[in-house]
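Biologist: I am new to this structure and would love a close look at one single part. Could you pick a helix and walk me through how it sits in the chain?

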Amino acid sequence: MKILYVAYPLLTVSEDSAGGAEQMLWTLERQMATRGMHTIIAASAGSRVSGELFITGEPCSEPDGFDRRNREHQDKIVEFVRACEHQGLAFDLVHDKSGSFWQRASEMNVPVVATLHLPRHFYSAELFKNVPENVIFNCVSASQARSFADLNPTVVSNGILLDRFEPYFGPHAGLLWLGRICEEKAPHLALDIAERANQPITLAGQVYPFSYHQQYFEREVAPRLERMQNAVFIPAPSSEQKRQLLRECKAVLVTSLVDETSSLVAMEAAASGVPVIAFGRGALPEIVQSGVTGFVVDGVEEAVEALKRVGEIHPADCMKHARTNFSSTKMTDDYARLYKQMTEREVSNLLPMTL
């Protein structure tokens, strides 16, 4: 099977990517290539892939340059897909991980699966009024799928490379917040939790090149980092740095203010045997088993109280839960089954696949 994966256009795809969609794309394409699929990723220059890389342009570092970069990205992909078909090298399927390329599906004679990684309200309602007939949508959690029920989505949950995470049997110290630094992820609240609990904290993540993200960092995060003597900031950590931080921390904080559709950080923490304190938004209660792999809380004060109980969480229980529920092998199996369905019969006849 020949598959074209469409990446988010702004940054590169690699194991060190900050965004969850990019991380999932890197993992999925790697495993599909290992299984003998002919995989091509359409992405920014500098991306690191297992199959082939079709470069659509340079990563964008200019503030608010997304619209220009996205147009360039999409135009080049449509041209590429058409050229491959003209040469007798047509794709069997396009898997859109960019969040928006699926809108161009009517310009191509190939089935398109679009994985939606964001909460429903992040998308304009206009986007879903005239969906091309060759598109089906996939959600990454049951809670997300409920909000997109009118689109009849399939559900393939995210998974991680479990063998890359391992427990640490030395002393654990400090809290960790890890992810993309923006207002909806609310790392400033993680800093508040650490300050109220009198705990050291490491904030590790990337600020995307959007002015409102940068303004948020300067307004809410930077002053707290300057004020707090036991807060450390690590910008754009590597994948190995992330794994070390996860292994050695006392607990991971997930402080999202929106209905998260998934949480790779919570999955990775469980695989590392580390408890998670998470706000109960969206799919987080599906991922964090409260009382077993951490605690689901309602706000800053409950998070501070929950930190007093992290000693009740056993690393072995966390790792067992991760092995049972967060395997990238299962994710790849489920996508492979979906791909097979899509290429063997009409997209319009696909039945919902709840996994």
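Modeller: Happy to; here is a close look at helix α11, followed by a few words on its surroundings.

This is a predicted model, in which local features need pLDDT of at least 70 and side-chain atom pairs count only at pLDDT 80 or more, while totals for chains, interfaces and linings use all residues. Residues are numbered from 1 along each chain as its sequence is written, and side-chain values use heavy atoms, with hydrogens and water left out.

The protein chain holds 11 helices and 13 strands; helices are DSSP runs of H or I with at least four residues, strands are runs of E with at least two, and both are numbered from the N terminus. Our helix, α11, takes up residues 328–344. Its 17 residues should span 24 Å at 1.5 Å a residue, and the end C-alpha atoms are indeed 24 Å apart, which agrees. That expected span is 1.5 Å times one less than the number of residues.

At the start of α11, look for Ser327: one of its side-chain oxygens comes to within 3.0 Å of the backbone nitrogen of Thr329. This is a polar contact, meaning a pair of N or O atoms within 3.5 Å; within protein, one must be able to donate a hydrogen and the other to accept it, and residues adjacent in sequence count only if both atoms are side-chain atoms.

Now for the buried residues of α11: Ser328, Met331, Thr332, Asp334, Tyr335, Leu338, Tyr339 and Met342. Seen down the helix axis, they fall within an arc of 160°, so they line one face of α11. Buried means under 20% relative accessible area, exposed over 50%, and partly exposed in between, with a 1.4 Å probe and protein chains only. The arc is that of the directions from the helix axis to the C-beta atoms. An α-helix has 3.6 residues a turn, so residues three or four places apart point the same way.

What covers that face? The cover of the buried residues includes strands β1 (2–6), β4 (93–96), β5 (112–116), β6 (135–139) and β7 (154–155), together with helix α1 (20–34). Contact here means heavy atoms within 4.5 Å.

Stepping back, 57% of the 355 residues of the protein chain count as buried. Among contacts between residues at least 6 apart in sequence, 67% join residues at least 24 apart. The C-alpha atoms fill a box of roughly 65 × 40 × 35 Å, taken along the principal axes.
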